[in-house]
Amino acid sequence: MATIKITQIKSKINAPKHQKLVLAALGLKKIHQTVEKEDNAAIRGMVDQVKQLVSVE
C-alpha cells in the first residue's frame, strides 16, 4: 500500500482543540516532525482538517 509523509510545519499553540487532537492522532508532537502513514481516506480526511498546519508528500 502507498504511504504518505506528513510533516508539521506550523505551531499548534493557537489552533483549536479539535485540531490539536487531530495532530496528536496523526502522531505529530513537534514542528518539523515527520510521520509516514498509509494513504487511505481516513488519513486524508485528518490531514484535510489540519491542512494549514502540515505539509504532505
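Which backbone oxygen does the side chain of Gln8 reach? In this predicted model, the side chain of Gln8 comes within 3.0 Å of the backbone oxygen of Lys10. Gln8 is a good place to begin a tour of the chain, and the overall picture comes next.

The chain is built from two helices and three strands. Followed along the sequence, these elements are arranged in the pattern β-α-β-α-β. The radius of gyration is 10 Å, close to the 10 Å that the globule rule gives for 57 residues, so the chain is as compact as a globular protein of that length. The C-alpha trace spans about 35 × 20 × 15 Å along its principal axes. Buried residues make up 28% of the 57 in the chain. About 3900 Å² of the chain is exposed, and 55% of that area is supplied by carbon and sulfur atoms. The side chains include 10 positive and 5 negative ones, and 13 Å lies between the centres of the two sets. Distant parts of the sequence also meet: among contacts with a separation of 6 or more, 69% are between residues 24 or more positions apart.

Strand S1, which covers residues 3-8, offers a closer view. Gln8 belongs to this strand and has a relative accessibility of 2%; because the cut-off for a buried residue is under 20%, Gln8 counts as buried. Beyond its neighbours within four places in sequence, Gln8 is in contact with Leu23, with the run Leu28, Lys29, Lys30, Ile31, His32 and Gln33, and with Leu53 and Val54.

Thr7 is found in S1 as well, and its relative accessibility of 13% places it among the buried residues. The side chains of Thr7 and Thr34 are joined by a polar contact of 2.9 Å. Thr34 is also one of the residues that Thr7 touches when those up to four places away in sequence are set aside; the others are His32, Gln33, Leu53, Val54 and Ser55. Thr7 and Glu57 are 50 residues apart along the chain, yet their C-alpha atoms are separated by 8.4 Å.

The loop between helix H1 (17-26) and strand S2 (34-38) holds His32, one of the residues touched by Thr7 and by Gln8. Is His32 buried or exposed? With a relative accessibility of 63%, His32 counts as exposed. The backbone of His32 deserves a look too: its phi is positive, about 70 degrees, although the residue is not a glycine. Most residues other than glycine have a negative phi.

Leu28 sits in the loop between H1 and S2, but its exposure tells another story. The relative accessibility of Leu28 is 0%, and the residue therefore counts as buried. Leaving out residues up to four places away in sequence, Leu28 touches Ile6, Gln8, Lys12, Leu23, Gln33, Val35 and Val54. Asn14 lies 14 residues from Leu28 along the chain, and 16 Å separates the C-alpha atoms of the two.

The last stop is strand S2, where Glu38 is placed. How exposed is Glu38? Its relative accessible area is 45%, so Glu38 is partly exposed. Apart from residues up to four places away in sequence, Glu38 touches Met1, Ala2, Thr3 and Ile43. Between the C-alpha atoms of Glu38 and Val22, which are 16 residues apart along the chain, the separation is 16 Å.

Technical notes: Residues are numbered from 1 along each chain as its sequence is written. This is a predicted model: local features need pLDDT of at least 70, side-chain atom pairs count only at pLDDT 80 or more; totals for chains, interfaces and linings use all residues. Side-chain values use heavy atoms; hydrogens and water are left out. Helices (H or I, at least four residues) and strands (E, at least two) are DSSP runs, numbered from the N terminus. The radius of gyration is taken over C-alpha atoms; the globule rule is 2.2 Å times the number of residues to the power 0.38. Buried means under 20% relative accessible area, exposed over 50%, partly exposed in between (1.4 Å probe, protein chains only). Contact means heavy atoms within 4.5 Å. Accessible areas come from the Shrake-Rupley method with a 1.4 Å probe; for residues, only the protein chains shown count as cover. Lys and Arg count as positive and Asp and Glu as negative; His and the chain ends are not counted. The place of a charge is taken as NZ of Lys, CZ of Arg, CG of Asp or CD of Glu. A polar contact is a pair of N or O atoms within 3.5 Å; within protein, one must be able to donate a hydrogen and the other to accept it, and residues adjacent in sequence count only if both atoms are side-chain atoms.
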